[in-house]
Amino acid sequence: MTMKTVDWTALRPQEEPPAAEGLRERKKRLLRRRLSDTATEMFIERGFDAVRVAEVAEACGVSEKTVFNYYPTKESLVLDLGESTLASLEKVLADPRLPAVEAAQLILAEQLSALTAWIFGQPDLTQAKDTLRRFAGLIRSTPSLRAHHRDTTDRQAAAVAAILAARAGLHPGDPEPQIAAAALLALWPIQFQSLHKHLEPARTAADLHAAVTADVHRAARLINTGLHDLDRPPLEQPGETPTL
């Protein structure tokens with residue numbers, strides 16, 4: 001992969017610019033994205049441990065201190081999607097009128113739409129798929145990135161448990177919000193694993209989106225109905241939306 005050949009826009013957390021965003025704020029927002037995109041490409045190209053933060057700074061024409069002003073750790077340069085997911089969960093789950101599983105599916109569907117559009121919107125589809133695999137391999141093969149991901153997941157679980165507890169009038173440490181939070185967050189690795197399973201045979205963005213969504217819906221149905229349905233054969237056809 002050659003540097004600056006991959007458009008990472010859809011893979012980064014999507015931040016809506018404020019309506020009254022000034023020139024200074026816009027420059028800061030774009031620099032933050034450029035730092036993350038540049039670091040991600042360098043890490044994939046050479047390996048996470050082989051790239052120093054100072055090199056990322058130099059590639060972007062800023063100081064190392066500036067990089068850490070935007071990202072507190074080297075790991076957060078590449079794993080910022082977890083923070084975006086946490087913000088989305090806190091926002092969407094706050095509406096008690098929306099069932100929790102449906103809220104999670106809405107966030108997952110939005111992320112999946114952006115990702116499938118990115119893959120099939122690249123000029124070289126083979127390279128796009130390979131880049132996604134290399135990104136996943138980078139995380140799997142780097143202990144510090146795996147640890148950072150676990151820490152983010154733990155913070156997500158605590159936040160989601162607190163929100164669900166408030167909705168149900170329970171304490172966040174009670175068993176019900178704890179297991180419910182764990183079940184909801186388990187939908188993310190389901191989607192990630194399904195994406196890689198269906199990535200190669202999918203011919204279009206719609207095909208990939210439908211196949212992955214069907215797997216996520218099967219998992220979501222199990223959360224809704226309970227583990228006593230685990231031994232029942234799946235009734236859902238690809239692309240079918242479960243009743244929540």
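This text walks through helix α7, its packing against helix α4, and a proline in helix α9. The model is predicted.

Start with α7, which covers residues 143-168. How far should the 26 residues of α7 span? At 1.5 Å a residue, the expected figure is 38 Å. The end C-alpha atoms of α7 lie 37 Å apart, which agrees with that expectation. Just past the helix comes G169, which takes a positive phi of about 70°.

Now look at which parts of α7 are hidden. Its buried residues are L145, H148, T152, Q156, A159, V160, A161, I163, L164 and A165. What covers them? The cover includes α4, α5 (100-121), α6 (125-141) and α8 (175-185).

Take α4 next. Two packed helices are described by the angle between their axes and the distance between the axes. Helix α4 runs from 81 to 92. It packs against α7 at an angle of about 0°, and the two axes are 10 Å apart. Angles under 35 degrees count as roughly parallel, so α4 is roughly parallel to α7. From α4, the contact uses G82, E83, T85, L86, L89 and E90. From α7, T152, R155, Q156, A159, V160 and I163 take part. By type, the residues of this contact divide into 5 nonpolar, 4 polar and 3 charged.

Finally, move to α9, residues 187-198, where P189 is found. Is P189 buried, exposed or partly exposed? Its relative accessible area is 38%, so P189 is partly exposed. P189 and V216 are 27 residues apart in sequence. In space, their C-alpha atoms are 9.6 Å apart.

Notes: Residues are numbered from 1 along each chain as its sequence is written. This is a predicted model: local features need pLDDT of at least 70, side-chain atom pairs count only at pLDDT 80 or more; totals for chains, interfaces and linings use all residues. Side-chain values use heavy atoms; hydrogens and water are left out. Axes are lines fitted to C-alpha atoms, for helices over the stretch in contact, and angles run from 0 to 180 degrees between N-to-C directions. Helices (H or I, at least four residues) and strands (E, at least two) are DSSP runs, numbered from the N terminus. Angles under 35 degrees count as roughly parallel, over 145 as roughly antiparallel, 65 to 115 as roughly perpendicular and the rest as oblique. Contact means heavy atoms within 4.5 Å. Ala, Val, Leu, Ile, Met, Phe, Trp, Tyr, Cys and Pro count as nonpolar, Asp, Glu, Lys and Arg as charged, and the others, Gly among them, as polar. Buried means under 20% relative accessible area, exposed over 50%, partly exposed in between (1.4 Å probe, protein chains only). The expected span of a helix is 1.5 Å times one less than its number of residues.
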